[in-house]
2 protein chains.
Amino acid sequence: MAGNPERPSPMAEHSLPEHIADELRRDILRGKLVPGAQIKERDNAAEMGVSRTPMREAIRILAQEGLVVLRPARSPLVADPPFDEIADQVVVLLALEKLSGDLACQHATQDDMDRVRAVADRFETTFYTADRLASFETDMEFHTAIAAASRNRALAETHRAYLARLWRIRYLTSRRRRNRATVLDQHAAILDALLKRDRVAVGAALDTHLGTLTEDIRQLFITEET
Amino acid sequence: MAGNPERPSPMAEHSLPEHIADELRRDILRGKLVPGAQIKERDNAAEMGVSRTPMREAIRILAQEGLVVLRPARSPLVADPPFDEIADQVVVLLALEKLSGDLACQHATQDDMDRVRAVADRFETTFYTADRLASFETDMEFHTAIAAASRNRALAETHRAYLARLWRIRYLTSRRRRNRATVLDQHAAILDALLKRDRVAVGAALDTHLGTLTEDIRQLFITEET
DNA sequence: AAGAAGATTTTGGTATACCAAAACCTGTTG
DNA sequence: CAACAGGTTTTGGTATACCAAAATCTTCTT
């Protein structure tokens, strides 16, 4: 019973399962739960001081996001997808992001554009600070802002799901990017094209950006010798 | 207790929640559960002779698919999205399907192509039979076969999710399509381009096909005066 | 008669108990 | 000593009990 003893009142605004899912997600991304590890709902629930029911639901949420895999009648595992599978997901993510950029050029309000620019600026300032995680999260926020600017809720939601699924691997690549300055340049190019509402240029810039991502991931897998 | 009395043994191959979800999905698509209706987990669970736990999970599955919406501390509802939201989803579906076609041109095996052709043939034969539902399901199978031919599992899965979400509305439009023969022509065009592995032509054919879908949906909303 | 305050019911969220299948341990046997 | 059979433990799946928030109904007041 290492968990917090105070029993939260039911029907909270942000549900308990989501809170648990957030917790587990952080554990996975931070590496406390390594890929391939078992997630036993009894133990984890006890450790967090909650019952199995919300823990179950939290695990389902993460399974939906692709961070854990469910096996029939067996403990769920932290996902450990092979390179090909991740590459496939990156392809889809790229398509979603290009669609986002394209739609944003057509439908984004000035407010949307301003928000994207603001996040890009913030990314630039946090880029050289020590907090890698904060910088990375701002990076993700940049892409999320573009998806939001598409003014297509379904697209933004699906994009968010893919981003979550690739979160960990992107975090791993972000700390070993050979030329980290390229990221800044690429973001600048995307932002520039977006502000001009140049659909072709946006597509090209995103192609470049996520193309290097695929290459980075490949390198990561090679050095890890998975 | 109108449900079947035999208690199925746990750990079945196809889990109970999925089975319940299938049941509910059919009820929604067939119109037994109309959009906007409440889904009370207690009542529905009792009606199907299962407990609330698997019913809950089934409802989450459908929520994930977008067929039902969850409200905090309230009964889930059968989704009843406004036109704009559905239009947004169709835009994403179109993008996914164009990506599928594009990748299929590059990576599909001959077997994949044969399967697509087989489904297209089957659709043509069932098209004029009385069973609208069977014909419609074959139509959906055609699009699923293309997604499978992309050889991208993530893409196929996301595509499947969107297809499920739009299942009902597409079923409704399929029975009021003004010129039903166009569908056959459009499918033929898609198949033709696909077999030639002509990426541009596939994209164009899919644009046409799903363009008419959007128009059909718009008409449906106008006549329904939602 | 209309509105508000309080009691009751309904309902989803959570905790817990029980079951069977899978995994694990152990003692026996060839 | 290896391999297998049996029982024990572990674990996820399901059912059920309980709780509090929301909704609904009741009744009292104006």
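Which residues does His187(B) touch, not counting residues up to four places away in sequence? The first legend answers this, and the model throughout is predicted.

**View 1. Surroundings of His187(B) in helix α9 of chain B.** His187(B) sits in α9, which covers residues 181-195 of chain B. Its relative accessibility is 3%, so His187(B) counts as buried. With residues up to four places away in sequence left out, His187(B) touches Phe123(B), Asp139(B), Phe142(B), His143(B) and His209(B).

**View 2. Helix α3 of chain A and its two ends.** Helix α3(A) runs over residues 52-65 and has 14 residues. From first C-alpha to last it reaches 20 Å, close to the 20 Å expected at 1.5 Å a residue. Ser51(A) caps the N-terminal end of α3(A). A side-chain oxygen of Ser51(A) lies 3.2 Å from the backbone nitrogen of Thr53(A). After the helix comes Gly66(A), with a positive phi near 85°.

**View 3. The buried residues of α3(A) and their cover.** Pro54(A), Met55(A), Glu57(A), Ala58(A), Ile59(A), Leu62(A) and Glu65(A) are the buried residues of this helix. In chain A, their cover includes helices α1 (16-30), α2 (41-48) and α7 (153-174). Strands β1 (68-71) and β2 (74-78) of chain A also take part. Chain B contributes to the cover too, through its own α3 (52-65).

**View 4. The boundary between the two domains of chain A.** Domain 1 of chain A spans residues 16-78, and domain 2 spans 83-224. Their centres, taken over C-alpha atoms, are 27 Å apart. Nine residues of domain 1 of chain A contact eight residues of domain 2 of chain A. About 750 Å² is buried between these domains, and carbon and sulfur atoms give 58% of that area. On the domain 1 side, Leu29(A), Arg30(A) and Glu65(A) lose the most area to domain 2 of chain A. Together they account for 59% of what that side buries. Zero salt bridges are found across this domain interface. The count of residue pairs in polar contact there is one. On the side of domain 1 of chain A that touches domain 2, α1 and α3 of chain A each supply at least two residues. The largest share, three residues, comes from α1(A).

**View 5. A salt bridge within helix α5 of chain A.** The side chains of Arg115(A) and Asp112(A) meet in a salt bridge at 3.2 Å, N to O. Both residues lie in α5 (residues 110-126) of chain A. They are three residues apart, so about one helical turn separates them. Asp112(A) is buried, with 5% relative accessibility. Arg115(A) is partly exposed, with a relative accessible area of 48%.

**View 6. A salt bridge between distant parts of chain B.** The side chains of Asp112(B) and Arg151(B) meet in a salt bridge at 2.8 Å, N to O. The partners are 39 residues apart. Asp112(B) is in α5 (residues 110-126) of chain B, while Arg151(B) is in the loop between α6 (132-149) and α7 (153-165) of that chain. Asp112(B) is buried at 5% relative accessibility. Arg151(B) is partly exposed at 46%.

**View 7. A salt bridge within helix α10 of chain B.** Glu215(B) and Arg218(B) pair through their side chains in a salt bridge, 3.4 Å from N to O. The two are three residues apart in α10 (residues 199-224) of chain B, which means about one helical turn lies between them. Glu215(B) is partly exposed, at 31% relative accessibility. Arg218(B) is also partly exposed, at 35%.

**View 8. The contact of chain B with chain A.** Each chain brings 21 residues to the contact. The chains bury about 1,700 Å² between them, 61% of it on carbon and sulfur atoms. Glu57(B), Asp88(B) and Ala154(B) supply 22% of the area that chain B buries against chain A, more than any other three residues. Four salt bridges cross this interface. In one of them, Glu57(B) pairs with Arg60(A), the closest N and O atoms being 2.6 Å apart. There are 10 residue pairs in polar contact between the chains. On the side of chain B that touches chain A, α3, α4 (83-107) and α7 of chain B each supply at least two residues. The largest share of that side, eight residues, comes from α4(B).

Technical notes:
Residues are numbered from 1 along each chain as its sequence is written. Chains are lettered from A and ligands numbered from 1 in the order in which they are written. This is a predicted model: local features need pLDDT of at least 70, side-chain atom pairs count only at pLDDT 80 or more; totals for chains, interfaces and linings use all residues. Side-chain values use heavy atoms; hydrogens and water are left out. Helices (H or I, at least four residues) and strands (E, at least two) are DSSP runs, numbered from the N terminus. The expected span of a helix is 1.5 Å times one less than its number of residues. Buried means under 20% relative accessible area, exposed over 50%, partly exposed in between (1.4 Å probe, protein chains only). Contact means heavy atoms within 4.5 Å. A polar contact is a pair of N or O atoms within 3.5 Å; within protein, one must be able to donate a hydrogen and the other to accept it, and residues adjacent in sequence count only if both atoms are side-chain atoms. Domain bounds come from an automatic or database domain assignment. Buried area is the accessible area (1.4 Å probe) that two parts lose on being put together, summed over both.
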